[in-house]
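Okay, thanks for coming, everyone. I've got one structure to walk you through today, and then we can argue about it over coffee.

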Amino acid sequence: VPGFDPSLSMMTGIAPINPMIPGMGLVPPPPPTDVPVVKEIIHYLPPPSTRERPPGCKTVFVGGLPENATEEIIQEVFEQCGDITAIRKSKKNFCHIRFAEEFMVDKAIYLSGYRMRLGSSTDKKDSGRLHVDFAQARDDFYEWECKQRMLAREERHRRKMEEDRLRPPSPPAIMHYSEHEAALLAEKLKDDSKFSEAITVLLTWIERGEVNRRSANQFYSMVQSANSHVRRLMNEKAAHEQEMEQAKESFKNALTGILTQFEQIVAVFNASTRQKAWDHFSKAQRKNIDIWRKHSEELRNAHSEQLMGIRREEEMEMSDDDSGDNPSKKLRVDDSALAAQAYALKEENDSLRWQLDAYRNEVELLKQEKGQLFRTEESLTKDQQLQFLQQTMQGMQQQLLSIQEELNNKKSELEQAKEEQTHTQAMLKVLQEQEINVLTVALVNQDREKNSEKRSPGLKSEKEALLIGIISTFLHVHPFGANIEYLWSYMQQLDSRISANEIEMLLMRLPRMFKQEFTGVGATLEKRWKFCAFEGIK
């Protein structure tokens, strides 16, 4: 690089460094304007091989230091990479250097591989090849964990603030029941604008259990006010339905007018395509007229299909209305005004009747309160008789409970006896099945022995004789026998082309040398082959 002096003494005893190393801070001066710039080749220096970087690493390991290197020299060499907070030097030519920031470690790593020499001495103790690598330090990891926890806290706080911002507002608190609040609520229920808020409060009071004998009349009047809004809601629904029908009708009329205009435009295009007028247009004009005509016909067909769909829907609705009509409905439609008046009179009659019942309840409560104040001797004797009858009833109930407990105990004993009986029956079935299995196995073995004695041919080849010798030796060292899979796995190591079926057929042909036995019970039942030639000789 022009203007770079390799004899700079900023690092004592180190060989000249490539100034293009990242982070070294040796920036060349700008070239003079009057001298032509000569482009030079810049050689890329790959980063040295290092271990895996620990999280939050600020400490590096420096090995290969000269034996006579001091902390001041090390400080002078590595302080150009960044601020050094600590240097821990060992007696064995290495040290650990901790920087203030993590990016300073990346600069120090690029010093790995350079040779360091103290002054102009040629002694081995004054020179060494540096090896810089990442180091794992507790302080770095602790600071990194603290930073991560701080970032996590900030992220949680940010999410909480976002959730609080997006959370819908809480519903207003509902006041407790009192006669004054009930009177205000009754007025709100009559107001259409405050009905939704008031009906929520009424529902909450009823669910809380505020209804009792004294407040029943007030709650009934509020429920009656809520019921009076049903007629208003039905009227609103009918008005909205009427508006919807009018909108449908206006849309249908507008669509019919648009379709009429489309028909007229298509008629104009069709008249233009006739020979009288068509011959006078140029080729480009004819092409445009043809494109416009096709586009208009497509739009006309789409609008006509939409209009026909609306008419079909209306016809289907009319047919449904006709099929659902009956004489009583027609009578209601004809006499709707009279029915509304009758319904209003019925509601007034019901309200008066319920109010009369409420007054009767209040009169009975007052009579009971007065009777408690002026209780006579006759009432006292009646109370004593009632107490005596209650005591006798309690005794009878206790007797009934004891009888029920005895009955439950008997039932449990009966169920236990039934369970034992079913268990014994299952055991008997299992034993019978085992006996049947043993008998069938014995009969099968006898039949096989007889058949094998009748039709046991001699050996066919030298291979079979060799197999019989190996199998006999294998089974002889297994006195309890072996199943055909175990035997086949052993034989396959000697001859990979042999199959388990061939081995089993060979054993069945020689019943005096090999016999088959069944071991186990039920699901653990297993067939095993044994060597029995010596038993035949005995």
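So, to start: how many helices and strands are there in the protein? There are 15 helices and 8 strands. Keep in mind as we go that this is a predicted model. The protein has 538 residues, and 21% of them count as buried. On the surface side, about 41,000 Å² is exposed, with carbon and sulfur atoms supplying 56% of that. And if you take the contacts with a separation of 6 or more, residues 24 or more positions apart account for 63% of them.

Let's go to helix α1, residues 71-78. Which residues of α1 are buried? That would be Ile73, Ile74, Val77 and Phe78. They sit on the same side of α1, because they cover an arc of only 115 degrees around the axis. Then there's what lies over them. The cover includes several strands, among them β1 (59-63), β2 (84-89) and β3 (94-99). β4 (115-117) and β6 (131-134) are part of the cover too, and so is a helix, α2 (103-109).

Now jump along the chain to α13, residues 484-494. Here the buried residues are Ile484, Leu487 and Met491. Looking down the axis of α13, they fall within an arc of 65 degrees, so they line one face of the helix. If you want the background for that spacing, an α-helix has 3.6 residues a turn, so residues three or four places apart point the same way. Turn to the face of α13 that points away from the buried side, and you find the exposed residues Glu485 and Gln493. As for what covers the buried residues of α13, that includes α12, α14 (500-509) and β8 (526-531).

While we're here, look at Asn483, in the loop between α12 (462-476) and α13. Is Asn483 buried or exposed? Asn483 counts as buried, because its relative accessibility is 19% and the cut-off is under 20%. Leaving aside neighbours within four places in sequence, Asn483 is in contact with Glu526, Lys527 and Arg528. Two of those partners are worth a second look: the side chains of Glu526 and Arg528 meet in a salt bridge, at 3.6 Å from N to O. Glu526 is partly exposed, with a relative accessible area of 26%, and Arg528 is partly exposed as well, at 26% relative accessibility.

That gets us onto charges. The general idea, which you all know, is that side chains of opposite charge can pair when their charged atoms come close. How many salt bridges does the count come to? The count is 21 salt bridges. Let me pick out a couple that sit within helices.

One is in α6, residues 216-272, where Lys252 forms a salt bridge with Glu249 and the closest N and O atoms are 3.7 Å apart. The two residues are 3 apart in that helix, about one turn. Lys252 is buried, at a relative accessible area of 14%, while Glu249 is partly exposed at 37%.

Another is in α8, residues 283-324. There, Arg293 pairs with Glu297 in a salt bridge, with 3.2 Å between the closest N and O atoms. Arg293 and Glu297 are separated by about one helical turn, because they're 4 residues apart in α8. Arg293 counts as buried at 19% relative accessibility, and Glu297 is partly exposed, with a relative accessible area of 22%.

There's also a network of salt bridges that links Lys58, Arg98, Asp140 and Glu143.

Okay, cysteines. How many disulfides does a search of the whole structure find? It finds 0. As for a couple of the cysteines themselves, Cys81 counts as buried at 2% relative accessibility, whereas Cys146 counts as partly exposed at 26%.

Last stop, the surface. Which residues form a nonpolar patch there? Ile206, Val211 and Val223 do, with about 220 Å² of accessible area together. Val211 lies in the loop between α5 (195-208) and α6, and Val211 counts as partly exposed, at 42% relative accessibility.

That's my tour. Questions, anyone?

Conventions
Residues numbered from 1 in each chain as written. Predicted model: local features only at pLDDT ≥ 70, side-chain atom pairs only at ≥ 80, totals over all residues. Heavy atoms only, no water. Disulfide = S-S within 2.5 Å. Buried < 20%, exposed > 50% of the residue type's maximum accessible area, 1.4 Å probe, protein only. Patch = residues over 30% accessible without salt bridge, like charges linked within 9 Å, V, L, I, M, F, W, Y side chains within 5 Å. Areas by Shrake-Rupley, 256 points an atom, 1.4 Å probe, with all protein chains shown as cover. Salt bridge = Lys/Arg side-chain N within 4 Å of Asp/Glu carboxyl O. Arc of directions from axis to C-beta. Contact = heavy atoms within 4.5 Å.
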